[in-house]
Amino acid sequence: MKTLLLKVNEENLDPAKIQIAAEIIQRGGLVAFPTETVYGLGADALNPKAVLALFEAKRRPLDNPPIVHIGDPEEVYRLVEEVPAKAALLMDKFWPGPLTLIFKRSNIVPKATVAGLDTVAVRIPKHKVALELIKQSRCPIAAPSANLAGKPSPTTAQHVYEDLNGRVDAIIDGGSTNIGVESTVVDLSIDPPMLLRPGGAPFEALKKVLGDLVLHPFVQAEQELLLQEIRSPGMKHKHYAPKADVILVEGDVQAVIAEIGKLAESYRLKDEKVGILATDETQVVYKADVVKSLGSRSNLRAVAQSLFRLLREVDAENVDVIIAEGVSSEGLGLAVMNRLRKASGYNIIKVM
Ligand code: TXA
Ligand code: MG
């Protein structure tokens, strides 16, 4: 399949280019597009054949459903059985934005779109390109992140191209995404609501609105969960894994620096190529083949924004091991730490 590349400018959208992409969606094709979080790979959410092609293109396990993207809060009512009062509160405050809500699904949502579950994940993205595509396609758009399953989510069209060129009909290039980690997923089909995946909408802000919000143990897990503890299919699959081994070192900064220095040295002695994901405050102290900074430890927005890009960049240098520094779990840090722990396959060293 030849993949069409459509370059657009978010500030000065060319509707004709979006029209081309919308027509592909309408005839059951696959289009990658930018959102404010990461790039998504879109298909008509009400067309089971198109959704199955989506799983195929990503090599995604069939039991892990995508998020359904809509353009207007009114559209949620036909996709779900009921909108609990707490959901309405969150929709009001956080939509459009990086928050996905899980509802009991209505009958118009095909089984393929929800991987056989009786719930559906819905969000309104805050990105002009995504919203224009949904509008012109005139259907809800099912879109998982536009990476091959297991790889870091794409934050540029180039990342999508690396993973999916020749496997999808079109890629809309709208530049780098702003938030850099995926949306927060909150399950409102149960009470109290439960946060299943930390992401662009911080836990603290959601809790303020809801009062009661439980963190699923997986969110901060430091080891693999038992199967019976899983509430979201995405929890059981391998994620964000670079080719290299990843080691995450967490704890007090000075102790982290010392431990990473020692680890890097031990790999060097074995003649292995070492990459370090450091921070602005620490990057100068390390000796390694590749050292990159995620950003300042006090700017977790910047760290989230660069995380997936840097995981790909360090991996592209063909290092044998990537050693990453942990950061604070506040605000967007919760999502960053969750992704780093998963990327490490829970290969975590704690120091004090
Ligand atoms: O920011 C994002 O959320 C991006 C952009 C493209 O919107 N999308 C994204 O989709 O990250 P994906 O498919 O990579 O992640 C969706 C997550 C998975 O962990 C999946 O298991 C979970 O949402 N999910 C989907 N439907 C669910 C459901 N009915 N119940 C529980 N979890 C669900
Ligand atoms: Mg994904």
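**Close-up 1. Isoleucine 108 and the residues it touches.** In this predicted model, isoleucine 108 is in contact with Leu46, Arg78 and Leu79, once its neighbours within four places in sequence are left aside. To find isoleucine 108 on your screen, look in the loop that runs between strand E5 (99-104) and strand E6 (119-123). Valine 80 makes a handy second landmark: 28 residues separate valine 80 and isoleucine 108 along the chain, and their C-alpha atoms are 8.8 Å apart. Is isoleucine 108 buried or exposed? Neither label fits, because a relative accessibility of 39% makes isoleucine 108 partly exposed.

**Close-up 2. Two domains and the area between them.** Here we turn to the domains. Domain 1 covers 4-220 and domain 2 covers 245-351, with 29 Å between their C-alpha centres. On the domain 1 side, 27 residues are in contact with 16 residues of domain 2. How much area is buried between domain 1 and domain 2? The value is about 1,800 Å², and carbon and sulfur atoms give 55% of that area.

**Close-up 3. Salt bridges and polar contacts between the domains.** Those who like to inspect charges can start with arginine 312, which forms a salt bridge with glutamate 162. The closest N and O atoms of arginine 312 and glutamate 162 are 3.3 Å apart. Between domain 1 and domain 2 the count is 3 salt bridges. Polar contacts between domain 1 and domain 2 amount to 9 residue pairs, with both residues at pLDDT 80 or more.

**Close-up 4. The side of domain 1 that touches domain 2.** Which elements give two or more residues to this side of domain 1? They are helix H6 (157-164) and helix H7 (203-210). H6 gives the most, with 3 residues. Sorted by class, the side of domain 1 that touches domain 2 holds 11 nonpolar, 10 polar and 6 charged residues.

**Close-up 5. Helix H10 and the glycine that follows.** Helix H10 spans residues 333-343, and 11 of its 11 residues are buried, so the helix is largely enclosed by the rest of the structure. Its buried residues include the nonpolar Leu334, Val336, Met337 and Leu340. Charged residues are also among the buried ones in H10, namely Arg339, Arg341 and Lys342. Gly333 and Asn338 appear in the buried set too. Just after H10 comes glycine 345, a residue worth a glance at the backbone, with a positive phi of about 60 degrees.

Notes:
Residues are numbered from 1 along each chain as its sequence is written. Chains are lettered from A and ligands numbered from 1 in the order in which they are written. This is a predicted model: local features need pLDDT of at least 70, side-chain atom pairs count only at pLDDT 80 or more; totals for chains, interfaces and linings use all residues. Side-chain values use heavy atoms; hydrogens and water are left out. Domain bounds come from an automatic or database domain assignment. Contact means heavy atoms within 4.5 Å. Buried area is the accessible area (1.4 Å probe) that two parts lose on being put together, summed over both. A salt bridge is a side-chain nitrogen of Lys or Arg within 4 Å of a carboxyl oxygen of Asp or Glu. A polar contact is a pair of N or O atoms within 3.5 Å; within protein, one must be able to donate a hydrogen and the other to accept it, and residues adjacent in sequence count only if both atoms are side-chain atoms. Helices (H or I, at least four residues) and strands (E, at least two) are DSSP runs, numbered from the N terminus. Buried means under 20% relative accessible area, exposed over 50%, partly exposed in between (1.4 Å probe, protein chains only).
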